[in-house]
Every structure is written in C-alpha cells, then in structure tokens.
Amino acid sequence: MIKVYSQSIGAAAQLDWPKDRILIQVLDDSDDGNLQLLIKEEVASWKEKGVNIVYRHRLIRTGYKAGNLKSAMSCDYVKDYEFVAIFDADFQPNPDFLKLTIPHFKGKPDLGLVQARWSFVNKDENLLTRLQNINLCFHFEVEQQVNGHFLNFFGFNGTAGVWRIKALEESGGWLERTTVEDMDIAVRAHLNGWKFIYLNDVKVLCELPESYEAYKKQQHRWHSGPMQLFRLCLPAILTSKISVWKKANLIFLFFLLRKLILPFYSFTLFCIILPLTMFIPESELPLWVICYVPIVMSFLNILPAPKSVPFLVPYLLFENTMSVTKFNAMVSGLFQLGSAYEWVVTKKTGRSSESDLLALAERESKSSNEEKILRRHSESGLELLGKLKQSEAPSKKKRNKLYRKELALAFLLLTASARSLLSAHGVHFYFLLFQGLAFLVMGLDLIGEQVS
C-alpha cells in the first residue's frame, strides 16, 4: 500500500500550474527520524524532476498544526506569492485544482478563501465510514453551500482550500490558542470583512478514519475546540462591525446549534432522561419526542447522501451514541478542562482508489530517464524502509478496546428496556433496547477497524 505522505506529496507535485509561479512546502512535524528521512527522499525525488519543492521540519514543535503553519508562513520566500493552498497529509488534489480555484479571486479583492469539497476514497469501507459519510455529506452539501451562498462565510475545513495571504495576515495569522486553528482564522477573517466562496463541484480525495478509536478522538477535538474558540471570540463578535444577522448566525448557528445544543439535547434526553423515566411511576415521554422528531431530523441529515437511506436507523442510533463523546468534549472545551487541549493526529491507512493506482502505474511507465531516477530513489527509499522496519518493535495484533462510558450507558439502557417491557411501555422498549445494543457495540469496539 502506498504511504500517505507519498500520495499527498505526489499529488501536490503534479498540480498543473506554471513551475516558476508555484512553491510546494512539505511541513513534516513528525518526531520519527526514520520517517523524516523517507519524506526527505520523496521530496528529493520530485525536486530532481524539476518541481519547486522544499522540506521543512521544525526544531521547536509547539502549537500543533497552527504552530506549523505559522512557522511556514514566516519564511522570507512567502512574500513572493499571493495565495496559499493547504492540504492535510491524506489529501490528494487533482492536477487541475488550482485552475479551478484561483480564477475565482480575479476581480474580487475582498475574497479571502476558496474552499473545495472533500471526497472520500474509503466511504464504503465499513459501517463506521458509511455513517461518517452521511454526516459530512450534510455538512458540505447543506451547511457549507447555504452559508457560502447567503453569507459569503463558512468554517474553513482546515484543508483543500486556497487562502489569499493578505487575508491571513490582516486577520492575525495562525494562532495557537485552540485546537481548531481553521475555524479560528475563518471567524477572524469574517469579522475583518473578508468573503469566502465554497465550490461543491471541486472535490479533493481524502480518507475517513476507519477505527472507532480514531473517530472518537477526532470528534472530541472537533467539538471541544469550537467551545474553546467560542469563549475567546464572543467579545470580538459582539463588538464587531458586521450586521446583527451575521452576529446571530455566528453565535447560534455556527457555534451553538451543532456543537452545543444538539449534543446536549441528544445526550440528556435519550441517554439520561428517557431511561430514568422507566423507573419513575406514571412518568412517560410522548411518542413524538422519542420517535418522530429524531427520525425526521435523521432523515433530513441523510437526504444529501440518498444511497445511505437504508442506514437511517443505524445512523440515528450511532448519532445518539456519539452524543456521549460530543457532550464530554463540549463540556471540556467550554470550561477549559485538561482534555480540551488534547491533540491526537487522526490515524489514516493511506488507501488509494483504483484511479490513483492506474495513474501511479502510468507515471511509472514514462520515459527511461525518469524511470532511472524513480528506480534510484525507490531503491534508497526501500533501504530506508527496511531500516525503519528493523528498528520497530514487533507489531502488535489488533484488539478490541473497551470504552467504559459506552458500556455503562449500555447497561443503563438495557436495564431500562427490561423495565419498560415489564411495565408495558410499548415503543419505548424497542427504542431503549436498540439504543442499548448500539452502546454495547460501541463499548466493545465492534464497529469499524480495531486498533493495534
């Protein structure tokens, strides 16, 4: 399987743009010396082919991604460029990415960001990736498009976007104060009057996390960080010169609805209040609260991914189960608890689509001179890879982790379902039973790939 770093570097190196007007920075923040050598080899191989590419590794690795971007943008040669395109390590832009995005800046001096859509190479890999795809399709198809069209604003997705460097500089640049540096710079640029454009038809290939462990940590950061940022940005939003409507959108829709209100609603209602009513005589929640409203909301979320409609019920149960992680993250971010500042890189496998593999084969079959260069660097890369494998400890077998919070709620919900059955509560029994089983599946790590 092709390594993640070689996929992304190769894709960036083949962007269709005049060579004298593009510079590629490979920002390596890893702490593995052998891996650094492999990435340097990959960069060197493209440099020999005439690509204007540089390798950067920080000596002082603070501030996570924001610190890395801040360091890269402080280089002297950055002043020679007007725009910066950002791609995370698992993103593979098509060669025409810049030709489809940069022209949108022409004649629009107040345009600060052009954001492309994500496309997933492994969306059908397992049930976990299918359910993630539903959420992200709604995010891109509805949230990003609607906000982009009506407000010229949306949250920068941290990757697969092109920024006007002037917009970054005038908005304060990359700050290390939260774990969501992408949302932070987007909010500050919006408050400074910069406009954004979202391109739903320009797609950049990437990966979804395939294990519950990786997804859980990603969601914790995605829901804790916005609450950190909300605390920091609220005074600036209230005193900014943007319209009252835009202030209301930022506070209630951008920050509170999806990141605070919905996780709080799902967790307290379905995981706490509903099961407890089974133990309190003559207390019962109306059917529309536990059945009709959640189904309608889930159906609306799933509409942008029509092929996922058969997964409506699993998606509803999955989202209620994930509300535990999201609620915990929201609380830690809002009250600045220790886990709010935890940053764990989301593990990816480096999967390639069939078209990627065909393109790779085509590239490797080019002229003999290029083949010699590729062969020489491939051999040296294999030597380094061999050293890397020799230095590694024997690989551990994949195993299931146990998640105590999910297992505790599974016990509560299954006990409540048994109580509901004895009390003849009707449909409440079925909901509590299936939701309890969903928590049990998550608690035993039976969804997605297991971790090593």
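**Exercise 1. Aromatic pairs**

Task: In this predicted model, which holds 21 aromatic pairs, work out how the rings of Phe91 and Trp118 are arranged and which parts of the chain they link.

Solution. Begin with the geometry: the ring centres of Phe91 and Trp118 lie 5.1 Å apart, with 75° between the planes. Because planes over 60 degrees apart count as edge-to-face, the pair of Phe91 and Trp118 is edge-to-face. Next, place the residues in the chain: Phe91 sits in the loop between β3 (83-86) and α4 (97-101), whereas Trp118 belongs to strand β4 (residues 111-120), so that the pair links distant parts of the chain, 27 residues apart. Finally, consider accessibility: Phe91 is buried, with a relative accessible area of 3%, and Trp118, at 11%, also counts as buried.

**Exercise 2. A second pair of rings**

Task: Classify the aromatic pair formed by Phe156 and Trp174, and locate both residues.

Solution. With 6.5 Å centre to centre and 45° between the planes, the pair of Phe156 and Trp174 is tilted. Phe156 lies in the loop between α5 (127-151) and β5 (161-164), and Trp174 in the loop between α6 (165-170) and α7 (181-191), so the two residues tie together parts that are 18 residues apart in sequence. Phe156 is buried at 3% relative accessible area, and Trp174 is buried at 5%.

**Exercise 3. Salt bridges**

Task: From the 16 salt bridges, examine those of Arg61 with Asp29 and of Glu406 with Lys216, and state what each one ties together.

Solution. Take Arg61 first: its side chain meets that of Asp29 at 4.0 Å, N to O. Since Arg61 lies in the loop between β2 (53-57) and α3 (64-73) and Asp29 in the loop between β1 (24-28) and α2 (33-48), the bridge ties together parts that are 32 residues apart in sequence. Arg61 is partly exposed, at 40% relative accessible area.

Turn then to Glu406 and Lys216, whose side chains meet at 2.7 Å, N to O. Glu406 is in helix α14 (residues 404-422) and Lys216 in helix α8 (residues 212-239), so this pair ties together parts that are 190 residues apart in sequence. Both Glu406 and Lys216 are buried. As a last step, return to Asp29 and Arg61, which are joined with Arg58 into one network by salt bridges that share partners.

**Exercise 4. Annotated spans**

Task: Compare the record with the model for the residues listed under "transmembrane region".

Solution. The unreviewed UniProt entry lists residues 250-279 and 406-422 under this heading. In the model, residues 250-279 are 93% helix, with end C-alpha atoms 40 Å apart, while residues 406-422 are 100% helix, with end C-alpha atoms 24 Å apart.

Technical notes: Residues numbered from 1 in each chain as written. Predicted model: local features only at pLDDT ≥ 70, side-chain atom pairs only at ≥ 80, totals over all residues. Heavy atoms only, no water. UniProt positions renumbered as here; feature names shortened; annotations may be inferred. Helix = DSSP H or I, 4+ residues; strand = E, 2+ residues; numbered from the N terminus. Phe/Tyr/Trp six-rings, centres within 6.5 Å; stacked < 30°, edge-to-face > 60°. Buried < 20%, exposed > 50% of the residue type's maximum accessible area, 1.4 Å probe, protein only.
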